[in-house]
Structures are given as C-alpha cells and as structure tokens.
Amino acid sequence: MLEELETFLAVAECRNFTKAAQKRNLSQPTVSVQIKKLEEYFGTFLIERTVRHKSIALTAAGKILQQSAKSICAEMEYAKAAIADLQGKIEGTLRIGASQTIGEYFLPEYLGRFVKTYNKLEPEIIIGNTQQIVKFLLDGEIDVGLVEGEVAEPGVKSEAFYHDKLVVIMAAGQQEAGAKRWIIREEGSASRAQWENYIKNNNIIVERKPIIFNTNFAVKEAVKNNLGLALISQYIASRAAKRGEVAISGGYSAAVRNFYCLTADGRAERRAVSIFIQDLQQNFTQKEGKNKKKENPAEKS
C-alpha cells in the first residue's frame, strides 16, 4: 500500500501520469494499475481524467487522501531512518527545509563539506519562506528547518545557530541623498518582517510604495538595476559589491539577526539529525569567528 500511496502523491504533484511514472521510475501502465488499486480499496474515484488523459485533477476524495498520504509516507520515512539509527547507521535521507537566504547562499557550501564526512546520508532540500518551512516541519515533511527569523509556534523547538549582519545596499554609483524606494520580500518571509522592524526601530519614513519580490536574487537584481534600496545579509551584499553589482550604503546603520534551527518538539530526534545540528553549530560558530577577525583585523587570535 505504501508504494501505491507514493505513486498517488507523484501523480497528484505532477498532474500527469507520464511525468509521475518518470519521477517514480515506473512504467505508465504500472502507475495506472497502482492508482486503480487505491480507487478499488477506497471504493471511489480519486482522480478525474480528461478525455485524452493529458491532464488530471484530484476529486474531493483524492484531495483528502493526498493530505493523509503525505503524513503516512513522511512517518514511514522517519520510522525507516529511526530504525537505522538504532542499528548505529548514519545513513538514509535527511530532509532539510531552508528559508531562502540560508538555502541559496549558506547551505550549499556547508553541505558540500558535511556530506564528505557523512557520505551515506542523502540530503533532500526544500526551500521556501519561513512560514512554509514551519508548515513543512509540523506536517512531518522535513526533519529539520533552517530559517532567518525567530519562530514562536506551538510544537516547534527553535535554537539560534548564527548571527548574521544585515546591511542596506544600493546600485553601484548611486548617490546616497534623495528619496528612495525600498525593494522588499513577500509577506511570510523573515526578511520582510526584519525589514519592517528595521524601518520602525530606525524611524525611517517610507515615502514610496515598496516593490515586492519573492526571492533574494530578484531583490538584489532590482537594486543592481537602480530600482531602489534593500536590506540584505552582509554575506550576500559583500559578494555582490565585489562584483561591482551593488554598493553597501554608508548612510544606514547595520542590524543583526539570528539564524534558527527548527525541530519538531516532542518527536524523538534521530541520531542523524542530532549529528547534523551539532556539526551545523560548530561550523557556523567557526564562520562567526572568521567574520569577526575580518571586521577587526588587528584583533589577535
């Protein structure tokens, strides 16, 4: 039954039998047979097919099963990994959810080193905004979440692991003076909440309606093309400034935010997750130390 549920989820996601078959590495007739078995088991149609079978939609029953199937498959994946832990194995899938700044700019470099040490672990990464990552965690779709904003959500354990400096960037060669439009992230992202706090705490008057983008790359590109200012991680800003894409403004003060590691409160923590979190803490503590030395070159180690 588990295999049929996994196939059903693939069909529900792809909205196409051929694409679902490719994703599951199965033949299309096998996918059709597995869906038919589920429909016979539940005694109802789960999928509405068009005349040419080129696209599909879930029935009301199918939508109910989709939610339950996600939980069932996630729990089975967790059980499989937890049993491997009991056998002393550090292997299997490690499902990581990351908000965009971490997922796009910090996590790839870190994971490149981590998987060399734990080469039997297979990371699966989901990137979204902070609200989405919290939902994935509570729904059991990820083992650990990495976000840029503080989370106070029932059922979620939150622990800071890095202090990130935020700076204001502007287009290279742009003058500091004059009214500026802000480029900001969407509602639900930690970056948006941090910008709102920054504006409030520094008594900054926003004279023009901000332009909203839903990725950090788009925000940086908007600033690069002289659409306005943005508050972003110094790590991203410094790299973009070295390439001559943007300049770090001297007219605005810097701010500091924490990166947080999220786990599901009350759920027994897998050994692989514990090792990942411990390694993450050590790695970013070292990164913080290096950053401080760069900012204070006269400081002796």
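These are my notebook entries on the helices I looked up in this predicted model.

**Overview**

I began with the chain as a whole, which has 10 helices and 11 strands. I noted that buried residues make up 44% of its 301 residues. I then looked up the contacts between residues at least 6 apart in sequence, and found that 74% of them join residues at least 24 apart.

**Helices α1 and α2**

I turned next to helix α1 (residues 2–14) and helix α2 (residues 17–24), whose axes come within 8 Å and cross at roughly 130°. Because an angle of that kind falls outside the ranges for parallel, antiparallel and perpendicular, I entered α1 and α2 as oblique to each other. I recorded their crossing as right-handed. On the α1 side I listed Glu3, Glu6, Thr7, Ala10, Val11, Glu13 and Cys14, and these meet Phe17, Lys19, Ala20, Lys23 and Arg24 in α2. Sorted by class, the contact of α1 with α2 has five nonpolar, one polar and six charged residues.

**Helices α1 and α3**

For α1 and helix α3 (residues 28–42) I found a packing angle of about 110°, with the axes 9 Å apart. Since 65 to 115 degrees counts as roughly perpendicular, α1 is entered as roughly perpendicular to α3. In this contact α1 contributes Glu3, Glu4, Leu5, Thr7, Phe8 and Val11, while α3 contributes Val31, Gln34, Ile35, Lys37 and Leu38. I sorted the contact of α1 with α3 by class and obtained six nonpolar, two polar and three charged residues.

**Helices α2 and α3**

I completed this set with α2 and α3, which pack at an angle of about 100° with their axes 9 Å apart; I therefore entered them as roughly perpendicular to each other. The residues that make the contact are Phe17, Thr18 and Ala21 of α2, together with Gln28, Val31, Ser32 and Ile35 of α3. By class, the contact of α2 with α3 divides into four nonpolar, three polar and no charged residues.

**Gln66**

I then asked myself whether Gln66 is buried or exposed. Its relative accessible area is 16%, and because buried means under 20%, I entered Gln66 as buried. I placed this residue in helix α4 (residues 60–86). Leaving aside residues up to four places away in sequence, I found that Gln66 touches Phe8, Leu9, Ala12 and Leu58.

**Helix α7**

For helix α7 (residues 190–201) I checked the length, since at 1.5 Å a residue its 12 residues should span 16 Å; the C-alpha atoms at its ends are 16 Å apart, which agrees. I listed the buried residues of α7 as Ala190, Ser191, Arg192, Gln194, Trp195, Tyr198 and Ile199. In reading that list I kept in mind that an α-helix has 3.6 residues a turn, so residues three or four places apart point the same way. Just after α7, I noted that Asn203 takes a positive phi of about 50°.

**Helix α8**

My last entry is helix α8 (residues 216–224), which I recorded as mostly covered, with seven of its nine residues buried. These buried residues are Asn216, Ala218, Val219, Lys220, Glu221, Ala222 and Val223. Just after α8, I found a positive phi of about 65° at Asn226.

How values were computed: Residues are numbered from 1 along each chain as its sequence is written. This is a predicted model: local features need pLDDT of at least 70, side-chain atom pairs count only at pLDDT 80 or more; totals for chains, interfaces and linings use all residues. Side-chain values use heavy atoms; hydrogens and water are left out. Helices (H or I, at least four residues) and strands (E, at least two) are DSSP runs, numbered from the N terminus. The expected span of a helix is 1.5 Å times one less than its number of residues. Buried means under 20% relative accessible area, exposed over 50%, partly exposed in between (1.4 Å probe, protein chains only). Axes are lines fitted to C-alpha atoms, for helices over the stretch in contact, and angles run from 0 to 180 degrees between N-to-C directions. Angles under 35 degrees count as roughly parallel, over 145 as roughly antiparallel, 65 to 115 as roughly perpendicular and the rest as oblique. A crossing is left-handed if the near helix is turned anticlockwise from the far one by less than a right angle, and right-handed if clockwise. Contact means heavy atoms within 4.5 Å. Ala, Val, Leu, Ile, Met, Phe, Trp, Tyr, Cys and Pro count as nonpolar, Asp, Glu, Lys and Arg as charged, and the others, Gly among them, as polar.
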